[in-house]
Every structure is written in structure tokens, then in C-alpha cells.
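These notebook entries record what I looked up in one structure. I set them down in the order in which I turned to each topic.

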Amino acid sequence: YSSVDSFVAQGSVTQENFLGMGLKLNAAGSFGGKSTTYQLGLTDPYFLDRNLTLGFDLYDTRREWVDFTRETTGGDIKLGFPVVTDTRAFFVYRYEQKNITDVDDDASLLIREQEGESTLSSISASLTRNTTDYYLDPSRGSVSELSIEFAGLGGTEKFVKYIADHRYFLPFKWGTVFSAHGQIGYLQPFGGEESPIDERFFLGGINTIRGFKSRQVGPRVQTVQQTVDANGNVLATSDDFEYVGGDKEAYFNLEYIFPLLKDMGLKGVLFFDTGNAWGKDETYFSSMRYSAGGGVRWFSPMGPLRVEWGYNLDPKEGEDNSQFEFSIGKFF
């Protein structure tokens with residue numbers, strides 16, 4: 001369950017030694033009111049009896065956003081291998097057939113122009129270094145990742161997407177931990193194409209900048225809706241905002257994590273978040289947004305549970321002063 005997606009039912013079946021060849025087979029499904037995902041994957045963790053990971057995935061997804069619905073059918077082929085101690089490289093080729101449907105009648109021209117079918121053919125490379133002491137709940141060390149995706153190997157979508165991400169954990173007294181996280185990204189279209197709406201950066205929510213609604217931090221356009229009677233008379237007019245995503249993004253999270261019930265794994269967190277997403281004509285770090293708050297985390301038998309409340313330190317017109325968010329379960 002999450003405050004964004006409401007209830008989501010998920011299930012998966014994994015065979016660790018498929019065909020007796022040491023292959024890992026995974027079939028999974030996720031079903032919710034706003035999203036549906038089917039996924040089938042096969043991975044060889046020791047390809048050619050070496051420390052190489054080779055695999056592929058096939059998937060079909062459907063996701064409803066406020067102004068449009070995104071449907072994708074596709075697959076990927078991935079290859080991973082160690083570079084040096086604690087560092088791995090991954091290469092992924094991805095092909096998707098996408099369809100933007102159910103576009104709202106009052107959606108901006110940017111979204112309405114992208115309604116319909118498109119194809120994506122891309123290759124991405126990433127480099128990850130992980131020195132943390134415990135992958136699921138680290139207390140010291142860091143995780144760094146650099147990635148670049150090039151879309152334009154055929155297909156109709158043409159862009160290059162760069163993301164740099166770093167997270168650092170520092171233990172303190174009494175079992176407490178300081179955590180600092182930062183991410184910066186850039187989406188560069190080419191070939192005269194616009195940035196795909198579903199590849200743009202939408203910030204806000206429990207995983208990026210808390211205290212703001214999900215996908216409601218970044219460039220926005222004002223929309224005006226009118227209620228008209230049969231004679232053409234305007235009965236009411238209402239203003240709202242539509243978020244169109246950014247070609248640039250940067251956000252940072254500072255957290256202080258402390259134990260509440262150590263034997264149960266129940267922890268508290270205090271945080272400060274800042275960041276924003278910007279259009280192609282805007283500059284990085286202009287008009288930064290800020291929030292602060294706290295919450296509770298628990299590795300429950302049903303999966304990680306997060307209850308967090310964030311306060312918007314400088315709300316704009318149409319924004320709430322605070323946001324409460326809740327999620328439980330492992331989302332893949």
C-alpha cells in the first residue's frame with residue numbers, strides 16, 4: 001500500500017536453478033488501481049563460468065497519471081561485471097513500444113502533442129560502487145552510481161539521459177546514523193525531437209522531495225477550466241496547475257536516523273530535503289524548493305514500512321503546506 005498508488009497486489013515466483021543450469025528465472029506481477037505490471041526474467045549470474053551477469057527481461061506495464069496513461073510492452077538484455085573491488089558495471093539494451101492514451105481534455109499542448117504510439121530503442125551504461133556494511137539497512141559506507149542512456153538506435157524517441165547519484169551513511173552515538181543523498185540529472189533531446197513526457201524528471205513525494213505531492217515539483221503551467229451552460233454562458237471558472245516535468249533535476253536529502261524499538265527494528269527519522277526540476281531554458285539550482293519533517297520506518301514481516309510527514313517550507317499558489325505519505329511492501 002502507498003499513499004500514491006493505494007492498494008497494490010504483487011506476487012512472484014523464482015526458480016534459482018532453472019533447467020539445472022544455475023539460471024535464475026523470475027516471473028512477477030503487480031496489480032493496482034492505477035498500475036499493472038507483468039514481468040518475466042531469466043538471468044545467468046555466472047555466464048561462461050565467470051563473474052559475469054547476463055540476462056533478459058520481458059514486461060508489459062500500464063500506469064495512470066493525472067493527465068495521461070502510459071502503456072508499454074518491451075524487453076531488455078543486460079550484462080554486468082565487476083570492475084574493481086565494490087564496483088560493478090552494467091550495460092542494458094532496452095526496446096519498448098509505448099502508447100500515451102487517455103490524455104485529459106485540459107492537458108497542455110506539450111502532453112497532447114505526444115499522445116499516440118512511439119518506439120524506444122536505447123542502450124545504457126552504469127557504474128555502481130557500494131561500500132555499505134548492509135545493503136538493506138546500511139549504517140556506514142556509501143553507494144555511488146553514474147549512468148547514461150542513449151535512445152536513438154532506431155525507434156522514434158531520441159534523447160540522451162545522464163544521472164549521477166550518491167548516498168553516504170555515517171554512524172553516530174547511541175546507534176544513530178546520519179545519511180546524505182544527492183542526485184542530479186539531465187535529459188538531452190536531439191534530432192529535432194521533444195523530450196518524451198514519460199522520460200522527463202518529475203520530483204515530489206516520498207522518494208525524492210517530501211512535503212510535496214508526488215510528481216508536483218518542477219515546471220508547471222496554469223490551466224483554466226470553465227463550466228458553460230447550454231446557452232454558452234460561463235457558470236464558473238477555476239484555475240489549476242499542470243506539471244509537465246523538467247529536462248534537468250537536482251535534489252538532496254539529509255536524514256538523521258535513530259532507533260525507537262531496537263529489538264523490533266523500529267526507527268525514527270528527521271529529514272531536510274531540497275531540490276527542483278527545471279525546463280531546458282532554466283538553469284540548475286534556480287528557485288530551489290525546501291521541506292523538512294520526520295517519520296517512522298520499520299522492516300515489517302510484510303516488507304519495509306515508511307510513514308513520513310513533510311512540511312513545505314515555502315508553498316506556492318495551489319500547493320499544500322504539508323504532505324503525509326505512507327507505504328508498505330516491496331515495490332519492484
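**Entry 1: the hairpin of strand 5 and strand 6.** I began with Asp 86, which takes a positive phi near 70° in the hairpin of strand 5 and strand 6. This hairpin has 2 residues between the strands. I note here that I am reading a predicted model. Strand 5 covers residues 69-84 and strand 6 covers residues 87-101. The two strands pair in the antiparallel sense, and I recorded 15 bridges for them. As one example of a bridge, I looked up Asp 76 and found its partner in strand 6 to be Arg 94.

**Entry 2: from strand 6 to strand 7.** I next asked which residue of strand 7 is the bridge partner of Ala 89. The partner is Leu 127. Strand 7, residues 116-130, pairs with strand 6 over 14 bridges, in the antiparallel sense.

I then turned to Ser 126, which is also placed in strand 7. Is Ser 126 buried or exposed? Its relative accessible area is 18%, and the cut-off for buried is under 20%, so Ser 126 counts as buried. Leaving aside neighbours within four places in sequence, I listed the contacts of Ser 126 as Arg 88, Ala 89, Phe 90, Glu 145, Leu 146 and Ser 147. I added one general remark: in a regular strand, side chains alternate between the two faces of the sheet.

**Entry 3: the loop between strand 3 and strand 4.** I looked up two residues in this loop, Leu 48 and Asp 49. The loop joins strand 3 (35-44) and strand 4 (53-64). Leu 48 has a positive phi, near 60°, and is not a glycine. Asp 49 likewise is not a glycine, yet has a positive phi of about 60°. For exposure, the cut-off is over 50%. Leu 48 has a relative accessible area of 59% and is therefore exposed. Asp 49 stands at 77% relative accessibility, so I entered Asp 49 as exposed.

**Entry 4: Asp 273.** Asp 273 lies in strand 14, residues 266-278. Its relative accessibility is 0%, so Asp 273 counts as buried. Which side chains make polar contacts with the side chain of Asp 273? I found one polar contact of 2.8 Å with Arg 210 and one of 3.0 Å with Asn 253. Not counting residues up to four places away in sequence, Asp 273 touches several residues, including Thr 208, Ile 209, Phe 252, Leu 254, Arg 289, Tyr 290 and Ser 291.

**Entry 5: Pro 304.** Pro 304 is in strand 16, which spans residues 303-312. I entered Pro 304 as partly exposed because its relative accessibility is 36%. The C-alpha atoms of Pro 304 and Ala 28 are separated by 19 Å, although 276 residues apart along the chain.

**Entry 6: the whole protein.** I closed with the overall values. The protein has 1 helix and 17 strands. Of its 332 residues, 39% count as buried. Its C-alpha atoms fill a box of roughly 75 × 50 × 40 Å along the principal axes. The radius of gyration is 22 Å, which agrees with the value near 20 Å for a compact globule of 332 residues. Among contacts between residues at least 6 apart in sequence, 51% join residues at least 24 apart. The protein exposes about 18,400 Å², and carbon and sulfur atoms supply 57% of this area.

Notes. Residues numbered from 1 in each chain as written. Predicted model: local features only at pLDDT ≥ 70, side-chain atom pairs only at ≥ 80, totals over all residues. Heavy atoms only, no water. Helix = DSSP H or I, 4+ residues; strand = E, 2+ residues; numbered from the N terminus. Buried < 20%, exposed > 50% of the residue type's maximum accessible area, 1.4 Å probe, protein only. Pairing = 2+ DSSP bridges. Polar contact = N/O pair within 3.5 Å; in protein donor to acceptor, adjacent residues only side chain to side chain. Contact = heavy atoms within 4.5 Å. Rg over C-alpha atoms; globule rule 2.2 N^0.38 Å. Areas by Shrake-Rupley, 256 points an atom, 1.4 Å probe, with all protein chains shown as cover.
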